[in-house]
Amino acid sequence: MRTQPLAAVVVAVAALAAIAPAASAGPADLGAELRELVRMPGGPAGAIVVVQRPDGRTVYTAGVRNTKTKAPLRATDHMRIASAAKAFSAAVALSLVRKGRLSLDDTIALRLPELPAAWGSVTLRQALHHTSGLPDFSRSPRFQEAVVDDLHGRPAPRTMLSFIADEPLEFRPGSRYRYSNTDNFVVALMAEAATGRDYTSLLASEVTRPLRLRATSLPRGAGMPAPYIHGYQPDPPDAPEDVSTLISAAWSWASGGIVSTPADLTSFVRGYVGARLFGRAVQRRQMAFRPGGSEPIGPGRNSAGLGIFRYRTQCGTVYGHTGNTSGYTQFMAATKDGRRSVTVSINAQITNRSTGDRLAAFRRLRKVEGRAVCEALATKREATREWGR
């Protein structure tokens, strides 16, 4: 592995980060768009789309999950879900809010008094809304150096916060929107403090067991459960570098460390947006939207709620989350009743901050996402099919 590709990977981890779809887009169009995406110069090695409707599930695939074996992607293959994991930490917190164990008005000073006093007024609501003003640890040069020095390290969550412990709030809490990985570390730590249980245990009791997500986990190290979709990072002029197991999940923990499958992610977003984990009363408080986009931006017009984003497309409105990390980019969304959903997963990090061929590929990816939403919201049943590469 050469120095330059590694540097690119570290910058990607530090960040953990519009083409509008036609309303008449059909499954043949979506399949063709997906195949075109993987053929593009800046496109991923593989892509998979899962569209869930009341009358069935359709899976589209293009490209490969492993460039050496040429194996196709499957809905049961594991993958890193990147910042889509933020919705899981939000689900844990909102479940505890419903149970009365946490309040959206709980502050850092109340639940986490050991953290810097300057952060004390930040509430759980503001952390979930990305309006906390907390500095983002993933942008800290000290954090980035630590990752490079120990890629497979298993640091404690509070270690990440120590990189920014001497920094003040970036703005008055509640006054602005700014996406920050620190927010979801604070959310998960508040949940731990309120219950006296570790976050992994809370994920199981509040999310994965209720939704029967048997292939979803939060690993501590860099390994991936088999079978998995390999993630790739450009390494010109050589072939893309396999970065699937390059970096320990502990470095992103509650903000991006979860490993899941397209099938499990589909079940999660349906249950999460459908309020199965915390009920409609809490959901009404969750869906207080303000201008703000997920990273990368999703299809249509993006707005930010509490651990959730609203995507208003030409075909209708869905709610969910996106994510990106080295080797992977994710999009998941569902209707408010949870009956219609879409997940789009690729094994490359391609975002609206990319440049050149990869920016062109992101525009194509966003078009794929929009067309997938159109199919999920369509009223006429299409025959279930599996698209090969």
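In the predicted model, Arg-364 has a relative accessible area of 23% and is therefore partly exposed, since the buried class ends at 20%. The partner of Arg-364 in a salt bridge is Glu-33, and the closest nitrogen and oxygen atoms of the two are 2.6 Å apart. This pair links distant parts of the chain, because Glu-33 belongs to helix α2 (residues 27–39) whereas Arg-364 belongs to helix α13, with their positions 331 residues apart in sequence. Unlike the partly exposed Arg-364, Glu-33 counts as buried, its relative accessibility being 8%.

Glu-33 also forms a salt bridge with Arg-371, here with the closest N and O atoms 3.9 Å apart. Since Arg-371 lies in helix α13 and Glu-33 in helix α2, this pair ties together parts of the chain that are 338 residues apart in sequence. Arg-371 is itself buried, with a relative accessible area of 12%. Among the 13 salt bridges of the structure there is also one between the side chains of Arg-53 and Asp-55, with a nitrogen-to-oxygen distance of 3.2 Å. In this pair Arg-53 is buried, at a relative accessible area of 5%, while Asp-55 counts as partly exposed, at 32% relative accessibility. Through shared partners, salt bridges join Glu-33, Arg-364, Lys-367 and Arg-371 into one network.

Helix α13, which carries Arg-371, comprises the 22 residues from 356 to 377. At 1.5 Å a residue this helix should span 32 Å, and its end C-alpha atoms are indeed 32 Å apart, so the expected and computed values agree. Of the 22 residues of α13, 16 are buried, and the helix is therefore largely enclosed by the rest of the structure.

Helix α13 also takes part in a disulfide, and the count for the structure comes to 1. This disulfide is formed by Cys-315 and Cys-374, whose sulfur atoms are 1.9 Å apart. The torsion about the S-S bond of Cys-315 and Cys-374 is about 80°, so the disulfide is right-handed. Because Cys-315 lies in the loop between β9 (309–313) and β10 (316–325) and Cys-374 lies in helix α13, the pair ties together parts that are 59 residues apart in sequence. The two cysteines fall into separate accessibility classes: Cys-315 counts as partly exposed at 22% relative accessibility, whereas Cys-374 is buried, with a relative accessible area of 5%.

The strands around this loop were examined next. Strand β9 is mostly covered, as 4 of its 5 residues are buried. On one side β9 is joined by 4 bridges to strand β8 (residues 301–304), and these two strands run antiparallel. The bridge partner of Arg-301 in β9 is Arg-312. The hairpin of β8 and β9 has 4 residues between the strands, and in it Gly-307 takes a positive phi near 70°. Strand β9 is also joined to β10, by 5 bridges and again in an antiparallel arrangement, and Arg-312 stands opposite Thr-317 in β10. The hairpin that joins β9 to β10 does so through 2 residues.

In soluble globular proteins, nonpolar side chains tend to be buried together. In this model the largest nonpolar core holds 81 residues, of which Phe-88 and Phe-268 touch the most other members. Helix α3 (residues 85–98) gives the most to this core, with 10 residues. When residues up to four places away in sequence are not counted, Phe-88 touches Ile-81, Tyr-199, Leu-203, Val-207, Leu-213, Thr-216, Ile-258, Leu-265 and Phe-268. Apart from this core lies another, of 31 residues, which includes Val-38, Tyr-177, Ala-376 and Leu-377.

Burial is also found outside helices and strands, as Val-122 shows: this residue is located in the loop between α4 (108–111) and α5 (124–129), and at 0% relative accessibility Val-122 counts as buried. The C-alpha atoms of Val-122 and Ala-109 are separated by 7.9 Å, although the two residues are 13 residues apart along the chain. With residues up to four places away in sequence left out, the contacts of Val-122 are Asp-106, Thr-107, Ile-108, Ser-132, Leu-134, Leu-169, Pro-173 and Met-190.

Definitions and conventions: Residues are numbered from 1 along each chain as its sequence is written. Side-chain values use heavy atoms; hydrogens and water are left out. The expected span of a helix is 1.5 Å times one less than its number of residues. Buried means under 20% relative accessible area, exposed over 50%, partly exposed in between (1.4 Å probe, protein chains only). A salt bridge is a side-chain nitrogen of Lys or Arg within 4 Å of a carboxyl oxygen of Asp or Glu. Contact means heavy atoms within 4.5 Å. A disulfide is a pair of cysteine sulfur atoms within 2.5 Å. A nonpolar core is a set of buried Ala, Val, Leu, Ile, Met, Phe, Trp, Tyr and Cys residues joined through side-chain atoms within 4.5 Å. Two strands pair if DSSP finds at least two bridges between them.
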